[in-house]
Structures are given as structure tokens and as C-alpha cells.
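Here's an informal look at how the helices pack in this structure and what sits in its cores. Have the sequence and the 3D view open as you read.

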Amino acid sequence: MKFRFFIAAAILMISATASAQKTGYISLEQIVSLMPEIRKIDSSLQRYQSDSINGEFASIVQEYNYKDSIMNAKDTLSMPAQVKNQYRQDIQGLAYQIQNWQAIAQQAIQNKQSEMLEPVYVKVMNALNAVAKENGYTYVYNKEVLLVAPPSDDLLPLVAKKLNIKLPPANAAPKR
């Protein structure tokens with residue numbers, strides 16, 4: 001009899017502990033998009049794309065054309081075989097880069113974007129962790145990942161307040 005009482009008490013304690021855990025969710029992409037640094041990052045990425053990426057592409061095409069013209073010149077007969085082979089390899093590599101430029105450029109832009117966004121995500125995560133700790137949230141989920149979830153609190157307004165970001169009216173905290 002005491003054993004049954006002990007089991008029942010243990011089950012009650014476990015369920016009380018589990019139900020006492022607060023859960024919340026937030027759209028990380030939405031809060032990051034509201035950060036003031038994002039406009040500056042977007043314009044910097046556009047400049048990077050137009051200056052560096054497009055300039056590098058033009059440079060590769062120019063180098064390809066130059067090396068190709070050397071190989072097509074009539075005086076290549078006097079050129080040593082090793083030099084000719086090196087030019088052929090260079091031309092093949094440049095042709096590959098030109099053919100795959102879109103993928104190469106996209107990867108470079110994504111790398112630059114990740115590099116520039118990292119401090120913003122760190123700032124958001126620090127604010128989110130502080131809000132979760134201050135308000136007793138045990139679990140916080142990314143809203144975009146949830147398909148089905150129990151009722152929980154949207155932490156977007158609290159994190160936005162912590163970051164001193166003004167939310168658009170559709171995301172403002174509900175009145176209680």
C-alpha cells in the first residue's frame with residue numbers, strides 16, 4: 001500500500017514539474033528582418049555584388065580572353081611545351097569558372113551575407129536568452145519549424161522590446 005502511494009506521489013510530482021515548464025516561440029527571421037542593421041547589410045551586399053562579384057567576373061573573362069588570344073597567336077610554335085600546357089590548363093579552369101559563375105557568385109554572396117548577419121543573430125539570441133530567463137521560459141521554439149504545438153507564448157514582442165525595436169502594428173503585443 002505504501003509502495004502504491006509512493007508511485008502515485010512520484011507521478012504527481014513528475015507531471016507537476018512537466019506542466020510547470022513554460023514554452024514560447026519566436027520567428028527568428030521576422031525579428032532579424034526588423035533589426036535596424038538589416039538595411040545597411042542589404043545595401044552593403046548589393047554593393048558587394050555589383051563591385052566585387054561583377055568586377056571579378058569581368059576580370060576572369062578578361063584573363064580568359066587574354067590567355068586564349070596568346071594560345072591562338074601564330075608565334076606559339078616557339079613556346080615551350082610546358083608553358084603551352086600551363087596555358088591550356090589555365091584556360092580550361094577559367095572556362096569552368098565562367099560556365100559556373102552563377103553558382104560561384106551565389107556561394108560568395110551567401111558567405112558574405114552569413115558573415116555580415118552573424119553579429120545580428122548573436123544580438124538577437126542574447127536578447128532572446130535574456131527574455132526567456134527573465135520570464136521563466138524553459139523552452140523557446142522557432143516558429144517557422146513548428147507544425148503542431150501546444151499553446152505557448154509568442155516572444156517576438158518581448159524580444160523586440162529588449163532590442164528597442166518598434167514592431168509593425170500586426171505584430172504588436174496583444175492587450176490583456
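What follows covers one helix pair and then the nonpolar cores.

This is a predicted model, with local features needing pLDDT of at least 70 and side-chain atom pairs counting only at pLDDT 80 or more, while totals for chains, interfaces and linings use all residues. Residues are numbered from 1 along each chain as its sequence is written, and side-chain values use heavy atoms, leaving out hydrogens and water.

Let's start with the helix pair. Helices H3 and H5 (DSSP runs of H or I, at least four residues, numbered from the N terminus) pack as shown here.

| Item | Value |
|---|---|
| H3 | residues 37–72 |
| H5 | residues 101–135 |
| Angle between H3 and H5 | about 155° |
| Distance between the axes of H3 and H5 | 10 Å |

That angle makes H3 roughly antiparallel to H5 (over 145 degrees between N-to-C directions). In the contact (heavy atoms within 4.5 Å), H3 brings residues including Ile-41, Tyr-48 and Phe-57, while H5 brings residues including Trp-101, Ala-108 and Met-116.

Now for the cores: sets of buried nonpolar residues (under 20% relative accessible area, 1.4 Å probe, protein chains only) joined through side-chain atoms within 4.5 Å. The largest has 24 residues, and Ile-26, Ile-31, Val-159 and Leu-163 touch the most other members. H2 (28–34), H3, H5 and H6 (156–162) each supply at least two residues of this core, with the largest share, eight residues, coming from H5. A second, separate core of six residues includes Ile-53, Ile-60, Trp-101 and Ala-105.

Conventions
Axes are lines fitted to C-alpha atoms, for helices over the stretch in contact, and angles run from 0 to 180 degrees between N-to-C directions. Angles under 35 degrees count as roughly parallel, over 145 as roughly antiparallel, 65 to 115 as roughly perpendicular and the rest as oblique. Buried means under 20% relative accessible area, exposed over 50%, partly exposed in between (1.4 Å probe, protein chains only).
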